[in-house]
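Here is a quick tour for anyone opening this structure for the first time. Keep the viewer at hand and follow along.

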Amino acid sequence: MGTKIELTATDGHKFDAYLAESSDPARGAIVLVQEIFGVNSHIRSVADDYAAQGFHVIAPALFDRVQRNLELNYNPTDSAEGMKAARQIGMDAALLDVAASIGHARAEWGRLKVGVLGFCYGGSLAWLAATRLDPAAAVCYYGGQIAASASETPRCPVMMHFGAKDPHIGPAEIEKIKAAHPDVPLFLYDAGHGFNCDQRKDFEPKSARLARQRTLEFFSRHL
């Protein structure tokens, strides 16, 4: 079980974050960026899992910019509410909160390198963190806006995971990313969107396990 902390972005915005610390000497720190459903029980479980694997994890509550404690479920109504909140916030403001989380991790655990891990909405933000901020590494799960910003150049090692059956991210977008960044490891799984989340109908256990294994190995190398 983690704890709640409060952070402050450079524009003065104060927001909550879920903090899960490794009980063993940490191998690195991870900023975990939420889906469009907020820092809900699934995101907290992911944070707890990576903490159990030896990483300190901070999951910023990005939706605090529109509504504090906004945690959504995996249904069409909540999905629409989450997308509305994400649009209202905008990617630039959300990145301020990601940057503040990276800064806090460095201030707290100065000897540790800090990576970014994002899912869905957070997958796109993880990519933008890699191209616009200064993490040591980034892993992006099925980020729907990555193709739109594929012309940007990452400043750190990046890994990407996508579902081959994802109705929101088509083959043309995947090929655009591959063409722009042939050196970035990009993995396709026999799965749909959100395949890592065991609370979603698209959960695909085999794909989730393999992507998690690859992500842990990637962070172990770069953090």
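## Starting near the N terminus

Isoleucine 5 counts as buried, because its relative accessibility is 17% and the cut-off for buried is under 20%. You'll find isoleucine 5 in strand β1, which covers residues 3-8. Aspartate 16 is 11 residues away from isoleucine 5 along the chain, and their C-alpha atoms are separated by 5.7 Å. Keep in mind that this is a predicted model.

## The overall build

Now zoom out. The protein has six helices and eight strands. If you walk along the sequence, they come in the order β-β-β-α-β-α-α-β-α-β-β-α-β-α.

How does the radius of gyration fit with a compact globule? The protein has 223 residues, and a compact globule with that many would come out near 17 Å; the protein has 16 Å, so the two agree. Taken along the principal axes, the C-alpha atoms fill a box of roughly 40 × 40 × 30 Å. As for what is tucked away, 56% of the 223 residues are buried.

## The largest pocket

Next, look for the largest pocket, which has a volume of about 690 Å³. It is lined by 24 residues, and the ones closest to its centre are Ile36, Ser79, Met83, Cys120 and His193.

Which helix gives the most to this lining? That is α2, with five residues. Helices α2 (76-89) and α4 (121-132) each supply at least two lining residues. Sorted by type, the lining of the largest pocket has 12 nonpolar, eight polar and four charged residues.

## Two residues with an unusual phi

Most residues other than glycine have a negative phi. Cysteine 120 goes the other way: its phi is positive, about 60°, although it is not a glycine. You've met this residue already, as Cys120 is among those closest to the centre of the largest pocket. Cysteine 120 lies in the loop between β5 (114-119) and α4. With a relative accessibility of 11%, cysteine 120 counts as buried.

Tyrosine 142 also has a positive phi, of about 35°, and it isn't a glycine either. Look for tyrosine 142 in the loop between β6 (137-141) and β7 (158-163). Is tyrosine 142 buried or exposed? Its relative accessible area is 0%, so tyrosine 142 is buried.

## Rings and a charge

Aromatic rings are worth a look too, with 10 aromatic pairs in the structure. Some of the rings gather: ring pairs link Phe119, Tyr141, Tyr142, Tyr189 and Phe195 into a cluster. Tyr142 in that cluster is the tyrosine with the positive phi.

There's also a charge to spot. The charged end of arginine 214 sits over the ring of phenylalanine 187, and the distance to the ring centre is 3.9 Å.

## More from the loop between β6 and β7

Back to the loop that holds tyrosine 142. Serine 149 is found in this loop between β6 and β7 as well, and at 11% relative accessibility serine 149 counts as buried. Serine 149 and isoleucine 89 are 60 residues apart along the chain, with 18 Å between their C-alpha atoms.

Alanine 150 also has its place in the loop between β6 and β7. Its relative accessible area is 4%, so alanine 150 is buried. From alanine 150 to alanine 179, you cross 29 residues in sequence and 9.1 Å in space, C-alpha to C-alpha.

## Ending on the outside

For a last stop, try arginine 209, in helix α6 (residues 205-222). Buried or exposed, which is arginine 209? Arginine 209 is exposed, because its relative accessible area is 56% and the cut-off for exposed is over 50%. Cysteine 156 is 53 residues from arginine 209 in sequence, and their C-alpha atoms are 24 Å apart in space.

How values were computed:
Residues numbered from 1 in each chain as written. Predicted model: local features only at pLDDT ≥ 70, side-chain atom pairs only at ≥ 80, totals over all residues. Heavy atoms only, no water. 1 Å grid on protein atoms, 1.4 Å probe; cavity = no way out; pocket = protein on both sides within 12 Å on 5 of 7 lines; lining within 4 Å. Points joined across faces, edges and corners; volume = space filled by probe spheres on them. Helix = DSSP H or I, 4+ residues; strand = E, 2+ residues; numbered from the N terminus. Nonpolar A, V, L, I, M, F, W, Y, C, P; charged D, E, K, R; others polar. Phe/Tyr/Trp six-rings, centres within 6.5 Å; stacked < 30°, edge-to-face > 60°. Lys NZ or Arg CZ within 6 Å of the ring centre and 35° of its normal. Rg over C-alpha atoms; globule rule 2.2 N^0.38 Å. Buried < 20%, exposed > 50% of the residue type's maximum accessible area, 1.4 Å probe, protein only.
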